[in-house]
Amino acid sequence: MSGIWVQVVQFIMALSLLIVLHEGGHFFFARLFKTRVEKFYLFFDFLFPFSNILPFSLFKKKIGETVWGIGWFPLGGYVKIAGMVDESMDKEQLAKPPEPWEFRSKKAWQRLLIMLGGIIVNVLLAFLIYAMILFVWGKQRLPIAEMKQGIMVTDSLAYKLGFRDGDKIVAVDGQRPKYYDEILAEMLYAKNVVVEREGKEETLTMPVDWVGNLKKGLFVTAVPSVIGTVQQGSGAAAAGLQAKDQIIGFNELKTPTHASFKKEAGVYKGQVIDLHFLRDGREMTAKVQVSDTGTIGFMQMGIDDLIKIGLIKVETRKYGFFESFPAGLALGVDNIKGYARQLGLILDFKTKAYKQTGGFISMANIYGREWDWQRFWSITAMISIALAIMNLLPIPGLDGGYVVFTLIEMITGRKVNEKVMEVATTIGLVLLLCLMVLVNGNDIFKLLKH
């Protein structure tokens with residue numbers, strides 16, 4: 001099973017899991033403090049944030065005091081906690097005297113935990129997922145020393161910034177990375193990058209707003225040209241080329257990387273070339289027809305497969321069951337710091353990083369079109385952290401907004417007026433709607449642009 005439907009299924013699975021567990025965190029603490037939960041919904045049963053527009057469910061069933069259901073509007077989910085100003089905006093209930101089983105009757109610290117419950121679960125879930133990833137698959141890292149062929153540029157912006165195929169990254173903002181993932185982590189914030197090109201070091205200056213113009217990653221590690229699949233009816237198929245054949249050159253040219261082969265072969269459009277390649281360690285030659293577009297008709301083998309056959313050498317660290325938990329915690333903390341740092345980059349308008357924000361289409365696109373459990377769980381953990389941090393923002397309507405109201409009460413000893421909370425929540429919900437329109441509109445704009 002592969003293709004766009006794999007992306008869609010993975011995204012829906014992950015989103016549903018994260019919503020249910022997030023709302024389950026609120027539910028757990030509400031019930032712990034004997035607070036009534038009237039509704040528990042996956043997705044909204046109304047047109048968020050307007051609770052009175054199109055109010056219907058795809059499924060619902062009342063068990064005890066709680067109606068459990070699935071809504072029709074798939075932009076999140078919610079639990080309706082009795083006596084709380086929330087997205088349902090149930091003013092009739094709030095106009096009555098508080099009952100002992102209502103949210104507003106509970107102590108401030110209890111209400112604080114109820115509101116933080118979803119965020120706590122999202123963070124703990126990410127830690128658990130990272131721990132299990134390390135236990136099952138370990139951690140692979142590509143040492144810079146193994147990037148003998150340097151980088152392969154993947155975006156025209158990289159050329160404008162001065163990067164070239166074959167460049168070797170020496171330093172990012174004065175720091176010399178040991179692993180490839182360290183380069184990727186620091187590139188977004190880099191002011192200058194030192195590269196080695198033809199034995200000499202050059203310093204590239206990164207403009208403050210370059211991130212806003214990024215279409216995809218600037219570069220990837222340069223890899224040898226190895227056939228993953230051969231396209232039917234192509235020059236490669238007619239010449240008898242097979243999966244795992246490693247192209248090393250053609251005619252009198254050497255092409256040690258996939259980038260160099262693509263570049264050189266593009267010059268020989270419509271011609272026949274003498275292709276040199278390795279098969280099972282033996283060097284072979286075949287005459288191959290180059291198409292009018294400068295290709296011979298094969299798909300490059302992916303990095304994961306190149307690692308499996310040993311053409312890319314990575315360091316793999318294995319973790320025992322018990323040591324995976326502190327390692328998963330450390331990895332989760334690093335990713336929380338990284339996401340918070342990215343959020344700061346987006347909020348710094350002079351970087352124009354806000355142009356790179358996206359909604360549900362962007363999130364779905366992160367998942368691969370091939371089913372890969374390690375990738376699935378890694379991305380799901382990352383989104384869980386993103387949901388935790390976003391929900392902690394001090395915007396009324398989000399958990400963080402309610403946390404701010406509760407902290408004000410705990411500091412001053414006085415509750416925030418419910419009318420003030422109602423107005424603030426309405427403004428916050430409208431603001432959230434605008435943000436959702438903005439980020440999902442960004443997705444649509446990007447699709448139309450391409």
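Below, a colleague asks a modeller how the descriptions of this predicted structure were reached.

Colleague: What should I know before reading the values?

Modeller: This is a predicted model, so local features need pLDDT of at least 70, side-chain atom pairs count only at pLDDT 80 or more, and totals for chains, interfaces and linings use all residues. Residues are numbered from 1 along each chain as its sequence is written, and side-chain values use heavy atoms, with hydrogens and water left out.

Colleague: What makes β2 and β4 edge strands?

Modeller: Two strands pair if DSSP finds at least two bridges between them. Strands themselves are DSSP runs of E with at least two residues, while helices are runs of H or I with at least four, numbered from the N terminus. The open sheet has the order β2-β3-β1-β4, with mixed pairing. β2 (57-63) and β4 (73-81) each pair on one side only, so they are the edge strands.

Colleague: How do you know that the pairing is mixed?

Modeller: β1 (residues 37-44) and β3 (residues 66-71) pair in the parallel sense over four bridges, whereas β2 and β3 pair in the antiparallel sense over six. In the first pair, Tyr41 has Gly69 of β3 as its bridge partner, and Leu42 stands opposite Ile70. In the second, Ser57 stands opposite Gly71. The hairpin of β2 and β3 has two residues between the strands, and Gly64 takes a positive phi near 65 degrees there.

Colleague: Why do you say that β14 pairs with both β12 and β15?

Modeller: The requirement is at least two bridges, therefore both cases qualify: β12 (residues 246-250) and β14 (residues 272-279) share four, and β14 and β15 (residues 282-289) share eight. Both pairings are antiparallel. Gly249 has His276 of β14 as its bridge partner, and Leu278 has Glu283 of β15. The hairpin of β14 and β15 also has two residues between its strands, with Asp280 at a positive phi near 55 degrees.

Colleague: Why is the second largest pocket called a pocket, and what is its volume?

Modeller: On a 1 Å grid over the protein atoms alone, a pocket is an open set of points with protein on both sides within 12 Å along at least five of seven lines, whereas a cavity is a set where a 1.4 Å probe fits but cannot get out. Grid points are joined across faces, edges and corners, and a volume is the space filled by probe spheres set on the points. Here that comes to about 310 Å³. Its lining has 16 residues, and Asp165, Gly166, Thr257, Ala259 and Ser260 are the closest to its centre. A lining residue has an atom within 4 Å of a point. β13 (253-254) and α7 (258-265) each give two or more residues, and α7 gives the most, with four.

Colleague: Which domains contribute to that lining?

Modeller: Domain 2 (144-220) and domain 3 (225-301) each supply at least three residues. Those bounds come from an automatic or database domain assignment, which also gives domain 1 (109-138 + 318-449). The C-alpha centres of domain 1 and domain 3 lie 45 Å apart.

Colleague: What do the transmembrane annotations look like in the model?

Modeller: UniProt's unreviewed entry places the feature at several spans, including 40-59 and 420-439; such annotations may be inferred rather than shown by experiment. Residues 420-439 are 100% helix, with end C-alpha atoms 28 Å apart. Residues 40-59 are 0% helix and 40% strand, with ends 12 Å apart.
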